[in-house]
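Here are some comments on the nonpolar side chains of this model, set out point by point for your consideration. Please read them with the structure open beside you.

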Amino acid sequence: MEQTPEFRELRSTFRGFAFPVTVGFLLWYLLYVLLSSYAHDFMATKVVGHVNVALLLGLLQFVSTFAIAAWYARFAERRLDPPATALRAEYGPVITPREAAE
């Protein structure tokens, strides 16, 4: 199955989404860490009341994590699940090495 064009296309579609999004998120996180380490005055800037830029960016880390998870779920439902279901129908269920040993 790994050699079929359908499986290669499925893997390529997954990688086309996962790698750029992962790199983007890691760069976003690295920016937050670097700003926290080297831009103290900027991060201490008050936005509203006691909320400063550092707290706002920290909370946006959580928001972006959940947004990426929702984005991936929607992407997988539309672009990955239909071809994976077709491959499963054609080749049968995938048996992992652990299941084979049992």
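The points below deal with the nonpolar cores and then with a nonpolar surface patch.

1. The model is a predicted one, and side-chain atom pairs count only at pLDDT 80 or more.

2. The largest nonpolar core has eight residues in all, namely Leu10, Phe17, Val21, Phe75, Ala76, Leu80, Ala84 and Leu87. At least two residues of this core come from each of helix H1 (5-38) and H3, with H3 giving the most, five residues.

3. Within that core, Phe75 may be worth selecting in the viewer, for once its neighbours within four places in sequence are set aside, Phe75 is in contact with Thr13, Phe17 and Leu80. Another core, of five residues, lies apart from the largest one and has Leu35, Ala39, Met43 and Leu57 among its members.

4. In soluble globular proteins, nonpolar side chains tend to be buried together. On the surface of this model, however, there is a nonpolar patch formed by Val47, Val48, Val51, Leu55, Leu56, Leu59, Leu60, Phe62, Val63 and Phe66, which together have about 920 Å² of accessible area. Strand E1 (46-48) and helix H3 (53-91) are the elements that give two or more residues to the patch, and the largest share, seven residues, is that of H3.

5. Is Leu56, a patch residue, buried or partly exposed? Leu56, which lies in helix H3, counts as partly exposed because its relative accessibility is 38%, and that class lies between the limits of 20% for buried and 50% for exposed.

Conventions. Residues are numbered from 1 along each chain as its sequence is written. This is a predicted model: local features need pLDDT of at least 70, side-chain atom pairs count only at pLDDT 80 or more; totals for chains, interfaces and linings use all residues. Side-chain values use heavy atoms; hydrogens and water are left out. Patches are made of residues with over 30% relative accessible area and no salt bridge: like charges are joined within 9 Å, nonpolar side chains (Val, Leu, Ile, Met, Phe, Trp, Tyr) within 5 Å. Accessible areas come from the Shrake-Rupley method with a 1.4 Å probe; for residues, only the protein chains shown count as cover. A salt bridge is a side-chain nitrogen of Lys or Arg within 4 Å of a carboxyl oxygen of Asp or Glu. Helices (H or I, at least four residues) and strands (E, at least two) are DSSP runs, numbered from the N terminus. Buried means under 20% relative accessible area, exposed over 50%, partly exposed in between (1.4 Å probe, protein chains only). A nonpolar core is a set of buried Ala, Val, Leu, Ile, Met, Phe, Trp, Tyr and Cys residues joined through side-chain atoms within 4.5 Å. Contact means heavy atoms within 4.5 Å.
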